[in-house]
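The following paragraphs lead through selected strands, contacts and aromatic groupings of the structure shown here.

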Amino acid sequence: MTSRYRSSEASQDLNSPSPRRRTVVKAAAATAVLAGPLAAALPARAAADAPAFLHGVASGDPLPDGILLWTRVTPTSAAIPGSGVGPDTEVSWTVAKDKAFTTIVSKGSLTATAASDHTVKADIRGLEPATDYWFRFSAGGTDSPVARTRTAPAANAAVTGLRFGVVTCANWEAGYFSSYRHLAARGDLDAWLHLGDYIYEYKSGEYAARGTVVRPHSPANEIITLADYRTRHGKYKTDPDLQALHHKAPVVAIWDDHEFADNAWSGGAVNHTEGAEGTWTARQAAAKQAYFEWMPVRPAIEGTTYRRLRFGKLVDLSLLDLRSFRSQQASTASGTVDDPNRTITGRAQLDWLKAGLKASDTTWRLVGNSVMIAPFVIGSLTADLLKPLAKLLDLPQDGIGVNTDQWDGYTDDRRELLAHLRSNAIGNTVFLTGDIHMSWANDVPVDAGTYPLSASAATEFVITSVTSDNLDDIVKVPEGTVSAIAAPLIQIANRHVHWVDTDRHGYGVLDITADRAQMDYYVLSDRTNANATSSWARSYRTRTGTQKVERTYDPV
């Protein structure tokens, strides 16, 4: 395992071992469908009622002295995710400095119960900074897989390099998670960032690969209840490529809308029918509970994903929650995009973000951001391209040039944040973004209408989807066809956009040094092929002090 951290504090550790749209579902029916297909898929070991770790293990939110460890134990064959049944089960954990577990540094035990869907999380402290560790769980004589994790550098460590995988928008029914497999195979990641839509809420067949289900969801209905959300998370965690990546490096995750329902906001969602699908309050609470049960996320404030992590003197990472506090997307009834009373962050979170960016003493300020902050105007797209683009972005199909689910729909918050960066001379701010199912490399202008004569306050790297449909999939034409036509037109109308690829699926690798932050964009050969290959597509970087993106011609 190649170490990327370099610091005087970590010198002794460098020699340590490192290897839409909806369906009406009654709660009773939703519960009844749980037992059949999942129970039939359990291996013989679980069927014999020996404890089993069918969903792998994971780690997340690295600190200089700690890491959050996660697993889910299946104590009996009946205790499948979402079932609400199964005995209390003692689960022990062991952390070591070597993969053979000859140098154990921490151990303990927890009790997995049906109340938490038999998931457990151990928040380990007392570890050394910038150090590789290996961990496993055990229950009833059964050991989990062994996984590698890594702590963050000490807060004042002079770190010369960091490398993160970056992913978003993984729809189970639309294909295989080959992006995760290729990131896991690298062996050089300090951590990986998931920028939202880790799961999707749709019923089976509603949102697949160009309308074709590659592999069916479980449960088959749209997820609404706590049992539903637990079952869907459990299904995702059986994916071998996702397990492989969780076994290789810690994850830093935020949520977007599909962990709840499409185009979620604080009081509802486009893909939620109040009454017929219960109350939004109950559905949101169920989605949040299942998320925190199934994800190695350590919330700074209960019920949210906004928090901040630091990686030495090189990087601090502000992670946003852009669903829990936002106003409803702009419409005639809910107000205009420029209404100062509407917010995407909520007042408290925006103040927290501004204060953190101003106080930061690191070289780089990264912002984990689930929806695009750079402004976007459609421009003079032809009618045949405008309609599918509007569908993908949830835009009115009459050509209104704003995506009201993104920061474009909340311009007052964006103006305040960008003005704060400019007035306080806060440089080297990089937004890392998902959601839009395309790849972008953007400057973030203070005034897009006069750019490039006006200033750029930050930069933004947007990562395409792991599997979810993008523009060529909606039009149902060969990959690259749409991008060849649409990308130049988008760039003409949006001069702060250096690159956009509307068509391909894949992932990013972010490499950071004191001199530059570089995003390498990788694409998959075929999301519907479990053995899809990966290839480098493009690279863009922002050099320190510039607040602008430029192309570079080699991956790191």
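In this predicted model, strand β1, spanning residues 57–63, is a suitable place to begin: 7 of its 7 residues are buried, so the strand is largely enclosed by the rest of the structure. Its partner is strand β2 (residues 66–72), which runs antiparallel to β1 and is joined to it by 5 bridges. One of the positions that can be followed across this pairing is Ala 58, whose bridge partner in β2 is Trp 70. The two strands form a hairpin, with 2 residues between β1 and β2.

A second antiparallel pairing involves strand β6 (residues 132–139) and β8, between which there are 4 bridges. Here Trp 134 has Arg 148 of β8 as its bridge partner. Strand β8 covers residues 147–150; Ala 147 and Thr 149 point one way from the strand, whereas Arg 148 and Arg 150 point the other way. Residues on both sides are buried, the two arginines included.

Further along the chain, Thr 459 has its place in strand β19, which comprises residues 456–462. Its relative accessibility is 1%, and because buried means under 20%, Thr 459 counts as buried. Beyond its neighbours within four places in sequence, Thr 459 is in contact with a set of residues that includes Thr 429, Val 430 and Phe 431, then Asn 442, Asp 443 and Val 444, and finally Thr 542, Gln 547, Lys 548 and Val 549.

The aromatic residues offer another view of the model. The count of aromatic pairs comes to 23. One of them joins Phe 135 and Phe 137 in an edge-to-face arrangement, with 6.3 Å from centre to centre and 90 degrees between the planes. Both Phe 135 and Phe 137 are buried. The pair of Trp 172 and Tyr 236 has ring centres 5.6 Å apart and planes at 50 degrees, and it is therefore classed as tilted. Because Trp 172 lies in the loop between β9 (162–167) and α4 (178–186), while Tyr 236 belongs to helix α5 (residues 226–236), this pair ties together parts that are 64 residues apart in sequence. Trp 172 and Tyr 236 are both buried.

These two rings are also members of one aromatic cluster, formed by Trp 172, Phe 177, Tyr 180, Trp 192, Tyr 198 and Tyr 236. Arg 215 is placed against two rings of this cluster. Its charged end sits over the ring of Trp 172, at 3.7 Å from the centre, and Arg 215 also lies over the face of Phe 177, 4.6 Å from the ring centre.

Technical notes
Residues are numbered from 1 along each chain as its sequence is written. This is a predicted model: local features need pLDDT of at least 70, side-chain atom pairs count only at pLDDT 80 or more; totals for chains, interfaces and linings use all residues. Side-chain values use heavy atoms; hydrogens and water are left out. Buried means under 20% relative accessible area, exposed over 50%, partly exposed in between (1.4 Å probe, protein chains only). Two strands pair if DSSP finds at least two bridges between them. Contact means heavy atoms within 4.5 Å. Rings of Phe, Tyr and Trp (its six-membered ring) pair if their centres lie within 6.5 Å; planes under 30 degrees apart count as stacked, over 60 as edge-to-face and the rest as tilted. A charge sits over a ring if NZ of Lys or CZ of Arg is within 6 Å of the ring centre and within 35 degrees of the ring normal.
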